[in-house]
Amino acid sequence: MRAFVWQALLVLALLALVLWLAMNARRALDERGMTSGFGFLLDPANFALGEAFFTFTPGSPYLDAFAVGVGNTVLLSLVSIVTATVLGVALGFARLSGNALVSGLAKAYVEAFRNTPQLVQIVFWYSFFTLLPPPRQSWPLLGLGYASNRGLTVPAPEQGGVALLVAGMLVVGALAAFAIGRLADRRRRRTGRRWRYVGVVEIAALVLPPLAAWLAMGAPTGWSVPVLRGFNYTGGATLAPEFLAIYFGLSFYIAAFIAEIIRGGLISVDAGQIEAANAIGLRRADLYRKVMVPQAMRVIVPPLAAQYVSLLKNSSLGVAVGYPDLFSVSNTALTYSGRTIEVLCIMAVIYLLMCLAIGAVANLVNRFVQIPER
């Protein structure tokens, strides 16, 4: 009871502090004749955004501007997380390679990117892309795209919405296939009987959802190919230097930390487990897949989630190169609206919710990789 009373008093003290801060801010605003509230979100925003995930034009409400910032931040963070994870896992395994050249190159990458300020890397990539030749002298990329000071111009589906839907259904299919594999493995452990066609069912669960979505949308196959007309390209999709700079800066920097997390998780597996696997003649691929990785995941998942959260928050560095992420859009909205406290609160709450979402997914994954003790 005494501990409960002290905790209740602490909560009440914190609530009183928050209430006092809010009243003090409101009084200061009233003394200066400044209005407050979130009604400005429906007012027209008289500024333009360079690159928008959602449609935005000058004069649209501030709420639409925040939606653009959130969309750009989420898109940038997702593609950076995928790239950093793939690259980091490859580097982590390369660090443990018996080949001195492979392990040495992986170590050099980790040391170089991990010990260089992330903002410096972002500015470097931005300078690199802006110093490329103009579109008429652009560099061809295997006949599929072009690199110029306008960014990377690559082919793109004519119906981008259908492509996003198919990609989303592919993620759903991958989760379904993973769940089926877990259920089949649990059944085998409980009964000792193997599900004969589990591989076929997993492939079907992976392929059928995106295939059904593609067929339901009319099975479009058209692609827009970039063509040089005048001083710029028409068709395809152009990735601006601002997006590429923050994308490469985030991905390559976080990949170095992920590589060390992967390496640390793998070497944390007890040496006796590896000796036992070698004694029964397991191949090296099976050693990693069936012995080391399942046990290392318990060590890998928590710090890996922390790196994902760090990547999301560091996406705010896009303001240094003019990428309109949530932080940049919020700064612009703050300048035009004059609602400092409201804009800062909105930005903080959105970042908090996105980080908590990453934490919730990490906790869910952590439950799957836990190995129950007998």
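Four strands form an open sheet in the order β1-β2-β3-β8, with antiparallel pairing. The model is predicted. Two elements stand out for this briefing: that sheet, and the helix pair α8 and α9, whose axes come within 11 Å.

**The sheet**

- β1 (139-141) and β8 (237-239) are the edge strands, and each has a single partner strand, so one side of each lacks a neighbour in the sheet.
- On average, neighbouring strands of this sheet are turned by 25 degrees against each other, direction ignored.
- Strands of a sheet pair through backbone hydrogen bonds, in either a parallel or an antiparallel sense.
- β2 (residues 145-148) and β3 (residues 151-154) pair in the antiparallel sense, over 3 bridges.
- A147 stands opposite L152 in β3.

**The helix pair**

- Two packed helices are described by the angle between their axes and the distance between the axes.
- Helix α8 covers residues 271-279, and helix α9 covers residues 284-314.
- Their axes cross at roughly 165 degrees.
- α8 is therefore roughly antiparallel to α9, given that angles over 145 degrees count as roughly antiparallel.
- The crossing of α8 and α9 is right-handed.

**The α8-α9 contact**

- From α8, the contact residues are Q273, I274, A277 and N278.
- They meet L287, V291, M292 and Q295 in α9.
- The residues of this contact divide into 5 nonpolar and 3 polar, with no charged ones.

Technical notes:
Residues numbered from 1 in each chain as written. Predicted model: local features only at pLDDT ≥ 70, side-chain atom pairs only at ≥ 80, totals over all residues. Heavy atoms only, no water. Axes fitted to C-alpha atoms, helices over the stretch in contact; angles between N-to-C directions. Parallel < 35°, antiparallel > 145°, perpendicular 65-115°, else oblique. Left-handed = near helix turned anticlockwise from the far one by under 90°. Contact = heavy atoms within 4.5 Å. Nonpolar A, V, L, I, M, F, W, Y, C, P; charged D, E, K, R; others polar. Pairing = 2+ DSSP bridges.
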